[in-house]
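Biologist: I'm new to this one and would like to go through it with you. Could you put it up, and I'll ask how you get to each label?

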Amino acid sequence: MTTVLPSASDTASPVASPLATSLRSHTCGALRAEHAGARVTLGGWVHRSRDLGGLVFLDLRDRDGVVQVSFDPSSADDETRRTAAAVGIESVVLVEGEVVLRPAERRNAEMATGEVEVRATAIRVVGAAETPAIPVARGRGEKLPSEDLRLRYRYLDLRRPELQHSLMLRHRLAQRTRRYLSDNGFLELETPILTKPTPEGARDYLVPSRVHAGEFYALPQSPQIYKQLFMVAGFDRYFQIARCFRDEDLRADRQPEFTQIDIEASFVDQDDIIRLAEGLIVELFAENGVEVTAPFRRMTYRDAMEGYGIDRPDLRYDLKLSDVSDVFRGTEFGVAATVLDAGGRFRGLVAPGGARFSRKEQDELQALAKGAGAHGAIFLKRTDGKLEGGPAKFLRPDAADALGLTDGDMAIIVAGPDHVTSPALDRIRQDVARRLGLVRDDALELLWVVDFPMFERDPKTGALAPMHHPFTSPMLDDAHLLDTAPEKARARAYDVVLNGTELGGGSIRISDPTLQAKIFSLLGIDDETARARFGFLLEGLRAGAPPHGGIAFGFDRIAMLWSGAGSLRDVIAFPKTTAARALFEGAPTHVPPEDLQELRLRVEEEGK
């Protein structure tokens, strides 16, 4: 006997579904108690199967959720039940039946559809599946397969509800972004994917041109120059959910191809961009059901580095850093004079209750400091009014008070120049906060870091490099410093931080071609090189450029944080591994010699 399923349009439905088609009337996850009595046609994947000897249950899954389907002798004939019992896990089936209420004792409160089931009268297998290489449905406490295996079979991994929910959230965030920016007068405009190589050529992905032998395009690291040219062209307000590419080492929050919310506007200053960006962040939180309020707190770069050792501090806990050099000045503690005479400082934090840290825990904190480039950390604790540990015997009698210690506290101190002590203390601060349970996991601490330096100096060569990028405008009050002390000039730049993670950053741009040329010169880019690399931007600025600025948000990172995922790979449909490989498709791969020859390329063997 062959079961013929009717068109979904022939089945009764109390409420028309926007996802209804000629093959289904409802999605699996949409069925509720109010659908009881309705005849439905469903299409989905077999999530689980149970054969109880004549009574067969299937859990049927689609992107909307899972519903239980029963096949019993009162509604399904023998062949239908045999088909249901034999269908393989992850096979695609079409099912027809009636929605019925489950008996109270058999309802499943853990399923959104747990009050109902579909009593099936027909089933058709439309996509038989081989035994899955990795499980999609997992039991309680069952661990996921290794990430490499899941990435190899990404089409199966993407069936997991967790990943589907993350990608659907990503979709909603993108649509909310478009609505907000469109409502604020922004135009969604596209920029090229095949572009000109940038000054950071080592991090560009290069694309050889077949029709222009020996010449290359680059994939864009950002649409920066193009969006500035949009402002020159008079488009006033631009945005793009843009794909960008960087050939750099990877980690949990890095991918070689990534997406950013890219924004630029004309006739604006820093506060205009910040207000606009705050409004967008509020909207994106609202899309995830979370309420935050603007304006956000602001902190200067200098205060962030001094108080927290990093320009994106996590403010969910205190543990501020302080300069305790005076406690060590003039003492006989071995390294004190050496550090201080060289212009270094003793900086540290107080760990409340940290006196209980074991030797093993102190060794772990030492390892963090050394891993960040410091020689190590100094530990001083106060117990029964006495200062103990390390150099305590060399310090003055009131040292415990000067360090801010009460009984049971521990001071953790790192000595040296700021570029060494800051990263070491940042790592220690984060680790100590976790050890002491100070982190409020449910808190949302949003922060703008402003007044960044224009430049930073390479500690080895002393050469200037842009703190952000070479198109950032200096603060007007600091423009004169470009001639005398450029490293002291502040930029009109701003980053927005959530719980220690940078969400995005931007700046007011240079709209004066003479000033832009001067910045290039300070960075060691001569006129000829500037023309070769940025000639089209300089030409555009000379054509008349309005004051303009913008910001870019890491969209993948926002989706990761909002969904609670542990890695960017969990919110990107087809990500690369930490080795920059696409395991599901086997990319990158070797190219046949004849294809390389057409591009006038030759691959040399390694070591030659």
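Biologist: Where does Arg 600 lie?

Modeller: Arg 600 is in the segment after α17. Keep in mind that this is a predicted model.

Biologist: And what makes Arg 600 "exposed"?

Modeller: Exposed means over 50% relative accessible area. Arg 600 has 56%, so it counts as exposed. Its phi is also positive, near 60°, though Arg 600 is a residue other than glycine.

Biologist: Phe 267 has a positive phi too, of about 55°, and isn't a glycine. Is Phe 267 buried or exposed, and how do you know?

Modeller: Buried would need a value under 20%, exposed one over 50%. Phe 267 comes out at 60%, so it is exposed. You'll find Phe 267 in the loop between β10 (257-266) and α6.

Biologist: On to the helices. Why are α14 and α15 called roughly antiparallel?

Modeller: Look at the angle: helix α14 (residues 513-522) and helix α15 (residues 527-542) pack at about 160°. Anything over 145 degrees counts as roughly antiparallel, so that is the label for α14 and α15. Their axes are 10 Å apart, and the crossing is right-handed.

Biologist: Which residues of α14 and α15 meet there?

Modeller: From α14 there are Pro 513, Gln 516 and Phe 520; from α15, Ala 530, Phe 534, Leu 538, Leu 541 and Arg 542. By class that gives six nonpolar residues, one polar and one charged.

Biologist: What makes Arg 542 the charged kind and Gln 516 the polar kind?

Modeller: Arg is on the charged list, along with Asp, Glu and Lys. Gln is on neither the nonpolar nor the charged list, so it falls among the polar ones.

Biologist: α15 also packs against α5, doesn't it? What is the angle between α5 and α15?

Modeller: Roughly 20°, with the axes of helix α5 (residues 224-232) and α15 coming within 10 Å. Since angles under 35 degrees count as roughly parallel, α5 is roughly parallel to α15. This crossing is left-handed. On the α5 side the contact uses Ile 225, Gln 228, Leu 229 and Val 232, and on the α15 side Phe 534, Phe 536, Leu 537, Gly 540 and Leu 541. Seven of these residues are nonpolar and two polar, with no charged ones.

Biologist: And why are α4 and α16 called oblique?

Modeller: Helix α4 (residues 161-183) and helix α16 (residues 555-563) cross at roughly 125°. Roughly perpendicular covers 65 to 115 degrees, and roughly antiparallel needs over 145. An angle of roughly 125° fits neither, so α4 and α16 are oblique. α4 passes α16 in a right-handed crossing.

Biologist: Which residues make the contact of α4 with α16?

Modeller: In α4, Ser 166, Leu 169, Arg 170, Leu 173 and Ala 174; in α16, Phe 555, Asp 556, Ile 558, Ala 559, Trp 562 and Ser 563. Seven are nonpolar, two polar and two charged.

Biologist: Last topic, the prolines. What kind of peptide bond joins Ala 294 and Pro 295?

Modeller: A cis one, with omega at about 5°. Pro 295 sits in the loop between α6 (270-287) and β11 (297-300). The bond from Ala 587 to Pro 588 is cis as well, with omega near 0°, and Pro 588 is in the loop between α16 and α17 (593-598).

Note on methods
Residues numbered from 1 in each chain as written. Predicted model: local features only at pLDDT ≥ 70, side-chain atom pairs only at ≥ 80, totals over all residues. Heavy atoms only, no water. Axes fitted to C-alpha atoms, helices over the stretch in contact; angles between N-to-C directions. Helix = DSSP H or I, 4+ residues; strand = E, 2+ residues; numbered from the N terminus. Left-handed = near helix turned anticlockwise from the far one by under 90°. Contact = heavy atoms within 4.5 Å. Buried < 20%, exposed > 50% of the residue type's maximum accessible area, 1.4 Å probe, protein only.
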